[in-house]
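Got your viewer open and a cup of coffee at hand? Let's take a short walk through this structure, one selection at a time.

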Amino acid sequence: MTTDEGEAMPSRTVGRGARVTRLGFGAAPIGNLFSAISDEQARETVDAAWAAGIRYFDTAPHYGLGLSERRLGAALLDRPRDSYTLSTKIGRLLGPATRPGRDDQGFDVPATHRRVWDFSRDGVRRSIEESLERLGHDTIDIVLIHDADDHWAPAVGEAYPALAELRDQGVVKAIGAGMNQWEMLAGFVKETDVDLVMLAGRYTLLDQSGAAGLLPLCQERGVSVLVAGVFNSGLLATHEATGTYEYAPAPGALVQRARRIAAVCERYGVTLPQAALAFPLRHPAVTAVVAGARSAQEVERNAALAATPVPDALWTALAEESLIAPA
């Protein structure tokens with residue numbers, strides 16, 4: 001595969017020089033999220049993201065017990081290092097496995113390791129070192145504190161200062177936190193000097209709970225917001241509005257609401273996943289949407305949808321029918 005195909009999408013700067021394209025690539029699916037894919041398919045998926053102009057790639061040790069990092073790093077390794085932005089996360093170290101079998105946290109991989117929560121200073125440095133080894137890279141641009149829901153005190157008291165020190169030393173360009181809730185992210189924004197937050201599933205067509213308490217605060221503090229989980233794990237991923245919501249079978253009421261949104265979208269020549277990708281980017285606090293993909297076809301579809309304008313009249317109509325909050 002050549003290394004210079006594809007023109008980069010528009011991007012914005014976060015932190016101290018990290019460039020983030022408006023559509024980012026979420027690498028959980030290439031860590032065998034839900035079901036296994038081959039190394040070849042994972043490589044083709046990353047190659048398709050590059051060809052589509054995506055230059056921001058996000059992963060984590062949690063994703064496939066390191067498989068996502070290994071696959072993503074290998075796919076990016078022969079490309080100019082200054083031409084893309086790479087982020088990973090801290091909070092879960094990968095320790096020796098204590099039992100045989102398969103992973104039990106959503107990834108179709110052997111249980112070769114076990115996840116160990118660790119937000120200590122030493123844990124942060126060890127996590128980054130081990131991520132660099134798995135990625136096969138010398139540098140990481142962005143590091144996020146990952147899923148600290150039950151670990152607020154060590155996350156803000158130990159992990160954050162360790163990351164801030166690495167940022168001050170120029171080891172990383174930007175630091176932040178990524179979670180499936182907005183309340184603790186607001187705490188990070190209030191009590192630390194993070195550069196960005198990654199908000200998963202809480203500013204979507206179906207769940208705008210992060211809008212009032214987090215997004216204005218980020219605007220006020222100059223903190224970039226990356227929105228992930230825009231399809232709410234599947235329900236908004238197809239125009240037919242079927243599948244999972246928050247990684248479980250979608251409740252009937254939410255399916256019906258998603259289908260009502262899809263019906264309004266049809267009146268404006270828009271599909272449900274197209275609207276789901278476009279919705280978060282309307283907010284001035286949002287820098288980028290990060291969408292996961294497990295195949296080249298999914299990447300190409302997401303990029304094409306993201307490049308297609310959505311008429312403002314759609315948002316007005318959805319608000320008038322109380323399907324989304326008024327702007």
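This tour goes through a few selections in turn, and what you are looking at is a predicted model.

**First stop: Thr21.** Select residues 18–21, which make up strand S2, and pick out Thr21 within that strand. Is Thr21 buried or exposed? Thr21 is buried, because its relative accessible area is 2%, and the cut-off for buried is under 20%.

**Next, the polar contacts.** Show the side chain of Thr21 as sticks, then add the backbone of Arg55 and Tyr56. Which backbone atoms does this side chain reach? One is the backbone nitrogen of Arg55, at 3.3 Å. Another is the backbone nitrogen of Tyr56, at 3.4 Å.

**Now the surroundings.** Keep Thr21 in view and leave aside its neighbours within four places in sequence. The residues in contact with Thr21 are then Met9, Pro10, Ser11, Gly53, Ile54, Arg55, Tyr56 and Ala288.

**Follow Ala288 onward.** Select residues 286–292, the run that forms strand S14. How many of the 7 residues of S14 are buried? The count is 6, so this strand is largely enclosed by the rest of the structure.

**Last stop: the partners of S14.** Add strand S3, residues 23–26: S3 and S14 run parallel and are joined by 4 bridges. To see one pairing, pick Gly26, whose bridge partner in S14 is Gly292. Then add strand S11, residues 224–228, which also pairs with S14 in the parallel sense, over 4 bridges. Here, zoom in on Ala228, which stands opposite Val290 of S14.

Note on methods: Residues are numbered from 1 along each chain as its sequence is written. This is a predicted model: local features need pLDDT of at least 70, side-chain atom pairs count only at pLDDT 80 or more; totals for chains, interfaces and linings use all residues. Side-chain values use heavy atoms; hydrogens and water are left out. Helices (H or I, at least four residues) and strands (E, at least two) are DSSP runs, numbered from the N terminus. Buried means under 20% relative accessible area, exposed over 50%, partly exposed in between (1.4 Å probe, protein chains only). A polar contact is a pair of N or O atoms within 3.5 Å; within protein, one must be able to donate a hydrogen and the other to accept it, and residues adjacent in sequence count only if both atoms are side-chain atoms. Contact means heavy atoms within 4.5 Å. Two strands pair if DSSP finds at least two bridges between them.
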